[in-house]
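Please look through the structure shown below, and follow the account from one salt bridge outwards to the rest of the chain.

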Amino acid sequence: MDGVITSIQRFSLNDGPGIRTTVFFKGCNLRCAWCHNPETFSLADDMMYDASKCIGCLHCVAVCPSGAQREIDGKHAFQRDLCTHCGACADVCFPGALEHTAKVMTCDDVMREVLQDKAYYLDSGGGVTLSGGEAMLQADFAAEITAACHEHGIECAVETNLAYELDPCEAVLRGFDLIMFDIKQMDSAQHKRWTGAGNETILANAKRMDGFARPMIARVPLIPGATDDMANLAATVDFLATLKNLRYLEILNFNPLGEAKYRCLALDNPFVTARPYSDQQMSDYQRALSGRGVEVRVG
Ligand code: SF4
Ligand code: SF4
């Protein structure tokens, strides 16, 4: 079976315990306004275009079948709305101004990369994490990778948004060694404002998933003005305190590194001026949220 991914990151330390390889699935059912992986939003091979790297060779114009790559007054121009995502332009752009965002891979392709670091996973208590995007939009492919990891004695975790119908994914989710999920906003209207969907399905799925008896880690992204008010965070912790299989809550600092990606994808970034919290502020949040029945860690 083929799957569509954006990238595979080796030696990841932020996607679960120990040293991990993170597989970023392409395609997402939410549109979190602060997402630092906007290249995973759609399943299509959207071109990332960095004009500062373009040398004007016009090789892309010669191969583009849709007229999206064009020459205007002897200079290169990219008319993105004409692009049909064939990927031909990125293949001939040797300075790297144009880059693919999608790779079609088989499970064997993924495992070839994963197995290179098996010794590190075993030494550090790490493994593989399926992230995204939303891995459960390609649940069969996720299940194939999970089974292949287990055949090789490697633990496999998932980072999932839980904003989908659970029944078709239940067997796949039960196969993971660890399930990490986000709670972003306890107010459904605010959740819809910032992610495009209400939170009812997510909260109901978190409760149902607790019945799978799999270890779970919850994560809350601290986003200035969107998720970081104490009323929301306290309500989040109180909800999580009802889950029996939750190991702990991680509070995640705002990540500004998506800014260049938004620019290269010509997407609006409402958090372009936002900055991460200081270490002291993160510790203050951790302290303020502790003592409510859930261990709180800074992620
Ligand atoms: S192939 Fe790359 S460097 Fe050459 S004109 Fe196109 S975008 Fe610019
Ligand atoms: S991906 Fe294909 S259609 Fe889109 S700009 Fe590149 S060559 Fe043209």
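R208 counts as partly exposed in this predicted model, because its relative accessibility of 36% falls between the 20% limit for buried residues and the 50% limit for exposed ones. The side chain of R208 meets that of E170 in a salt bridge, with 3.0 Å from N to O. This pair links distant parts of the chain, since E170 belongs to helix α6 (residues 170-174) and R208 to helix α8, with their positions 38 residues apart in sequence. The two residues also take part in a network of salt bridges, in which D167, E170, R174 and R208 are linked. The count of salt bridges comes to 13.

Another of these pairs is formed by D238 and R292, whose closest N and O atoms are 3.0 Å apart. Here too distant parts of the chain are linked, for D238 sits in helix α9 and R292 in the loop between α11 and β13 (296-298), 54 residues apart. D238 counts as partly exposed at 36% relative accessibility, and R292 counts as partly exposed at 35%.

Within helix α11 itself, D284 forms a salt bridge with R287, the closest N and O atoms being 3.2 Å apart. Both residues lie in that helix, three residues apart, or about one turn. An α-helix has 3.6 residues a turn, so residues three or four places apart point the same way. In terms of accessibility, D284 is partly exposed, with a relative accessible area of 33%, whereas R287, at 56%, counts as exposed.

Helix α9, which spans residues 230-240, carries D238, but what are the buried residues of this helix? They are N232, L233, A234, T236, V237, F239 and L240. These buried residues pack against two helices, α8 (200-210) and α11 (279-289), and against the strands β10 (178-182), β11 (216-221) and β12 (246-252).

The protein is divided into two domains, with domain 1 made of two segments, 2-43 and 102-298, and domain 2 covering 48-99. Their centres, taken over C-alpha atoms, are separated by 33 Å, and the contact takes five residues from domain 1 and four residues from domain 2. About 410 Å² is buried between domain 1 and domain 2, with carbon and sulfur atoms giving 65% of that area. On the side of domain 1 that touches domain 2 there are three nonpolar and two charged residues, and no polar ones. Between the two domains the count of salt bridges is zero, while two residue pairs are in polar contact.

One residue from each of two strands can now be examined in turn. H76 is found in strand β5 (residues 75-78) and counts as buried, because its relative accessibility is 14% and the limit for buried residues is 20%. The side chain of H76 makes polar contacts with two other side chains, that of Y49 at 3.0 Å and that of Q69 at 2.7 Å. Leaving aside residues up to four places away in sequence, H76 touches Y49, C54, L58, C60, V61, Q69 and R70.

M105 lies in strand β7 (residues 103-106) and is buried, with a relative accessible area of 9%. Although M105 and D2 are 103 residues apart in sequence, their C-alpha atoms are 5.4 Å apart in space. D2 is also one of the residues that M105 touches beyond four places in sequence, together with M1, G3, I5, I8, V110, E113 and F141.

Technical notes: Residues numbered from 1 in each chain as written. Chains lettered and ligands numbered in written order. Predicted model: local features only at pLDDT ≥ 70, side-chain atom pairs only at ≥ 80, totals over all residues. Heavy atoms only, no water. Domains from an automatic or database assignment. Contact = heavy atoms within 4.5 Å. Buried area = accessible area lost by both parts, 1.4 Å probe. Salt bridge = Lys/Arg side-chain N within 4 Å of Asp/Glu carboxyl O. Polar contact = N/O pair within 3.5 Å; in protein donor to acceptor, adjacent residues only side chain to side chain. Nonpolar A, V, L, I, M, F, W, Y, C, P; charged D, E, K, R; others polar. Helix = DSSP H or I, 4+ residues; strand = E, 2+ residues; numbered from the N terminus. Buried < 20%, exposed > 50% of the residue type's maximum accessible area, 1.4 Å probe, protein only.
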